[in-house]
Amino acid sequence: MKVDRKLRMGMVGGGPGAFIGEVHRKAASMDGLIEVVGGAFDIDPEKSFQMRDELHVDPARVYGSYAEMIEKETALPESERMDFITICTPNNWHFPIARDVLKAGFHVMCEKPMTINVDEARELGDLVRSTGKIFGLMHNYTGYPMVKLARDIARGGELGKVRKIVVRYPQGWLATALELTGHIQASWRADPEQSGASGCGGDIGTHAENLAEYITGLKMTHLCAELTTFVEGRRLDDDINCLVKYDNGASGVLHASQISIGEENNLGIWIYGETGALEWHQEHPNYLYVKRPDEPVQVWRRGNDYVAEKSPAAGRATRLPAGHPEAFIEAFANNYVNFSDTVRASMEGIEPDLLALDFPDVEDGLRGMLFLKTLVESAGSSEKWTEIHI
Ligand code: NAD
């Protein structure tokens, strides 16, 4: 039956003072396809209830815990119940919440990293397959139109065989012990119980890993990593240098850092093939640089018809004409458009548009956890290469 209404989104996390929950709420509602109807917004029930006024949702649907949310929402008639749940909590909560909401019959959109270990990631994969529910993972950098164009160029073979991938994600915001000052976001990120085995890796290294695999379609097979903790007393790494081997024989470098003073979110990627190369920067996301031997560098600019002609996925992910910048929130929104179209198709019992299937999922989440596990193993090993065991 046609689902001729906005999808109803519930949220776990994103309470007062939280960072990414608000970005999700703005992004999800951007295209008129989704409305936030309630949630369990904070680990502290009182703070969750504070969101009633801020969000103008039915106060009865702002819950004190995610367990209460599941219980009360499943008791509602299907015509009122939340259709999917977005999880924006610290990393250690992703798995138990995703597991419980999937078992209760909801679709899920989850923040990265998907879990805090590989076993949890595998269990979630099994659960997604057995429930048949749709699972989206918010690797938001895949949502940029020019990243989709890069993917279509690279995977379309226009660079020839890919030889080398350089991907970097330097930040500088953790160059001091911010976690000791009561800073909300820094506190849990520096705690292995809440963050996972690699601090910098879980927070931004997985974004770099996912971006390289998304654009090229290649899989990392071996890592040679150095993890460093520069800030005295910090319990997790804050800097990563890593060599990478890919499954087509390509080699690469992945560098991520939270102590690189002056850097904000300087994610960038360079892909070098036998006949051409690509370059893209997150802080200037509307441009993709395409390079050929003995030719001037081409600058492909978002919003022009030539982009949509080359990459229908990039065209679909574009809202504004060329020259009016689109950026971070729109990239999240693009993942929500594809995810929600897929959820809607599932609810209607039909096949989704192929372009709608273009969002990171539980398999990408497992790849991320395998990457992190191998990163930590490699950093502690005297062998040059550590294999990513699937
Ligand atoms: P944050 O500390 O700002 O917010 C976390 C929120 O979750 C808080 O409101 C907290 O009270 C709430 N919370 C914690 N446990 C909860 C529970 N059991 N039930 C209900 N609410 C709970 O953290 P953040 O920076 O917004 O990060 C949240 C997640 O988003 C992390 O997994 C992080 O890795 C991810 N993240 C992703 C991106 C991205 O670009 N995709 C950017 C930032 C953060």
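**Exercise 1.** State where the ligand sits in this predicted model, and which elements surround it.

*Solution.*
Step 1. Find the site: the ligand sits in the largest pocket.
Step 2. List the elements that give two or more residues to the shell around the ligand: strand S1 (7–13), helix H7 (184–189) and helix H12 (328–348).
Step 3. Rank them: H7 gives the most to this shell, with four residues.
Step 4. Assign the shell to domains. Domain 1 (7–141 + 334–361) and domain 2 (144–322 + 368–379) each supply at least three residues.

**Exercise 2.** Describe the make-up of the shell around the ligand by residue class, and name the residues that come nearest.

*Solution.*
Step 1. Take the residues with a heavy atom within 4 Å of the ligand; there are 29 residues around the ligand.
Step 2. Sort them by class: 16 are nonpolar, nine are polar and four are charged.
Step 3. Pick out the nearest: Phe-19, Ile-20, Asn-91, Asn-140 and Gln-185.

**Exercise 3.** Find polar contacts of the ligand with Ile-43, Trp-93 and Trp-188, then say how much of the ligand the protein covers.

*Solution.*
Step 1. Apply the cut-off: a pair of N or O atoms within 3.5 Å counts.
Step 2. Check the backbone: a polar backbone atom of Ile-43 is 3.2 Å from a ligand oxygen atom.
Step 3. Check the side chains. In Trp-93, an N or O atom of the side chain is 3.5 Å from a nitrogen atom of the ligand. In Trp-188, a polar side-chain atom lies 2.9 Å from a ligand oxygen atom.
Step 4. Turn to coverage: on its own the ligand has 850 Å² of accessible area, and the protein covers 94% of this area.

Note on methods: Residues numbered from 1 in each chain as written. Predicted model: local features only at pLDDT ≥ 70, side-chain atom pairs only at ≥ 80, totals over all residues. Heavy atoms only, no water. Polar contact = N/O pair within 3.5 Å; in protein donor to acceptor, adjacent residues only side chain to side chain. Areas by Shrake-Rupley, 256 points an atom, 1.4 Å probe, with all protein chains shown as cover. 1 Å grid on protein atoms, 1.4 Å probe; cavity = no way out; pocket = protein on both sides within 12 Å on 5 of 7 lines; lining within 4 Å. Sits in = over half its atoms within 2 Å of the grid points. Nonpolar A, V, L, I, M, F, W, Y, C, P; charged D, E, K, R; others polar. Domains from an automatic or database assignment.
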